[in-house]
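Thanks for making the time this morning. I would like to walk through one model with you, element by element and then pair by pair, and I will put it on the screen now.

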Amino acid sequence: MTYIMEIGEIENIELKFLELEDYTELQKAMVSSYSTMPESYWKEHHIQSLIDKFPEGQVVIKINGQLAGCALSIIVDYDSFTDKHTYAEITDNYSFNSHSETGDVLYGIDIFIKPEFRGLRLGRRLYDYRKELCEKLNLRGIAFGGRIPNYHKYATELTPKEYIEKVRRKEIHDPVLNFQISNDFHPAKILKGYLEGDEASNEFAVLLEWDNIYYEKPSKKAATKKTVVRLGLIQWQMRPYNNLSELMQQAEYFVDAVSGYRSDFALFPEFFNAPLMAENNHLTESEAIRELAKHTEEIVKKFSELSISYNINIITGSMPQVHNNNLYNVGYLCKRDGTIEKYEKLHVTPDEAKVWGMQGGNTLKVYDTDCGKIGILICYDSEFPELSRLLADEGMDILFIPFLTDTQNGYSRVRNCAQARAIENECYVAIAGSVGNLPNVHNMDIQFAQSMVFTPCDFAFPTNGIKAEATPNTEMILIADVDIDLLRELNQFGSVRNLKDRRKDLFELTKKH
């Protein structure tokens, strides 16, 4: 029986360029991945050739230092091949001399995940990398011949075209083809005699293509590559839940939703898990929230698993945590590489101190992510401009603010301060809150929220400084793209330059520790 790795066993995930030193492990991985074609693995000189010709196109995923999957590709002049090409033709008889730096299509040579690492959505990471590489290199699209290894079971009764149509209609389950279609690849043609020796597919393959909608025909004009980050904000409905499992099932629903739009971040609100306090409503407010804190460790563990599984960085809003018998309001940044970092609410509101006995934390820092440097301030902290200015001095590009407000005037304080932070710090600011009512939870009866994404106010941005806004008091997600390179241009060439024009001869802002 094949060993299957569990998400909880993952300590680190790395996407790295393939190196020749990986070959021994790579060979074993190929043999285990293609059990029906045991001799169909790349020799060392093949891998050397691919690395020499196109190093960016050869990547591996490693989990806890162990090779888990691989993707190999070349760039081809697509129009020089017919739409009836074979695998041998597209690879120039496996020499890869068909690779052309002036080509226009990224062609997939191979992609696989070792059996014990399947089910972790690692294949999607490899496909996402190919898409990002295609966009980065300004190529027309991606193409490859997709095997249909289950076709031999139906070859006597169905043509390849009929088989594919039944797969698309979910009448036949083909895990390979289903996966490729779910990753936005569309079947373009049936390729007969594509891969010699592929008996399971009867040597048929499906020509699958993905179009790069950002492709621009090459121009002699100078162009700057833009870095675009997609934000997914969850405007969370407060509703009763019977247990933690139900609450996290709803959280996963939203993670799945924003991940489906290829968001880089998912932002949850402050105290999104407050409904779980209903079971302790017979206790005092201060006792009930300490009971809620007992769920924090399990929630963070689950969010980390979701960040890995859905390939998205998750900002967990906030939740109570007890440390040395002191109660704090904290949250966690669960990165899609498997690492976790904590952030704290520094300023607690008078109500939090009076009703719950909560204390402010001490950690203020910028977090490095695969989408640049970000900052996170919980609700009330956004109303202290010194905090975000210190983060801006450390290179913050995006500020995330999970909040919880009961009244419209409370919300307005967070909203207006958040927009000011975007202008004065030349950054993007995303705020996400909760809506609805919790009549059975003391001190958490009503909520008011309108989640938003703010920008600086200059010609490259919306005139009102609002990139996107949710419908007030309605459960929904909000998706917005933010262009980091526009911040660089603003800093250097903006109509006003709030960071560069500070009178440091008159005042200075420093952290004490």
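Which elements do the buried residues of α5 pack against? Before I answer, please keep in mind that this is a predicted model, and that everything I say today is computed from it.

The buried residues of α5 pack against α6 (175-182), β6 (186-191) and β7 (205-211). The helix itself covers residues 160-168, and its buried residues are P160, Y163, I164 and V167. These four cover an arc of only 95 degrees around the axis, which means that they sit on the same side of α5. As a reminder of the geometry behind this, an α-helix has 3.6 residues a turn, so residues three or four places apart point the same way. Just after α5 comes K170, which has a positive phi, near 65 degrees.

Let me turn to the strands, beginning with β2. Strand β2, residues 59-63, is mostly covered, with five of its five residues buried. V59, I61 and I63 point one way from the strand while V60 and K62 point the other way, and both sets are buried. As for its partners, β2 runs antiparallel to strand β1 (residues 13-17), to which five bridges join it, and in that pairing E14 stands opposite K62. Five bridges also join β2 to strand β3 (residues 66-76), again in an antiparallel arrangement, with C70 in β3 as the bridge partner of V60. The connection between β2 and β3 is a hairpin with two residues between the strands, and N64, in that turn, has a positive phi of about 50 degrees.

Next, the charged pairs. Side chains of opposite charge can pair when their charged atoms come close. The structure holds 27 salt bridges, and I will go through a few of them.

One of them is between the side chains of R140 and D79, at 3.6 Å from N to O. R140 lies in the loop between α4 (122-136) and β5 (141-147), whereas D79 lies in the loop between β3 and α3 (87-90), so this pair ties together parts that are 61 residues apart in sequence. R140 is partly exposed, because its relative accessibility is 30%, while D79, with a relative accessible area of 61%, is exposed.

Another salt bridge brings together the side chains of D184 and K131, at 3.5 Å from N to O. This pair, too, links distant parts of the chain, since D184 is in the loop between α6 and β6 and K131 is in helix α4, 53 residues apart. Is K131 buried or exposed? At 1% relative accessibility K131 counts as buried, whereas its partner D184, at 48%, counts as partly exposed.

The side chains of R239 and E475 also meet in a salt bridge, at 2.8 Å from N to O. Here R239 is in the loop between β8 (228-238) and α7 (244-260) and E475 is in the loop between β22 (466-469) and β23 (476-483), so that distant parts of the chain, 236 residues apart, are linked. Both are partly exposed, R239 at 27% relative accessibility and E475 at 25%. There is also a network, in which salt bridges that share partners join E165, K166, R169 and E171.

What, then, of a buried charge that has no salt bridge? D381, in the loop between β16 (372-376) and α11 (385-393), is such a residue, and the nearest side chain of opposite charge, K345, is 6.8 Å away. The side chain of D381 does reach the backbone nitrogen of H347, at 2.8 Å. Leaving aside neighbours within four places in sequence, D381 is in contact with E344, K345, L346, H347 and L387.

I will close with two further loop residues. G338 is placed in the loop between β12 (326-334) and β13 (340-344), and it counts as buried because its relative accessibility is 12%. Apart from residues up to four places away in sequence, G338 touches E11, S304 and I308. N280, in the loop between β9 (265-267) and α8 (285-292), is buried, with a relative accessible area of 12%, and N280 touches A288 and E291, with residues up to four places away in sequence not counted.

Technical notes: Residues numbered from 1 in each chain as written. Predicted model: local features only at pLDDT ≥ 70, side-chain atom pairs only at ≥ 80, totals over all residues. Heavy atoms only, no water. Buried < 20%, exposed > 50% of the residue type's maximum accessible area, 1.4 Å probe, protein only. Contact = heavy atoms within 4.5 Å. Lys, Arg positive; Asp, Glu negative; His and termini not counted. Salt bridge = Lys/Arg side-chain N within 4 Å of Asp/Glu carboxyl O. Polar contact = N/O pair within 3.5 Å; in protein donor to acceptor, adjacent residues only side chain to side chain. Pairing = 2+ DSSP bridges. Arc of directions from axis to C-beta.
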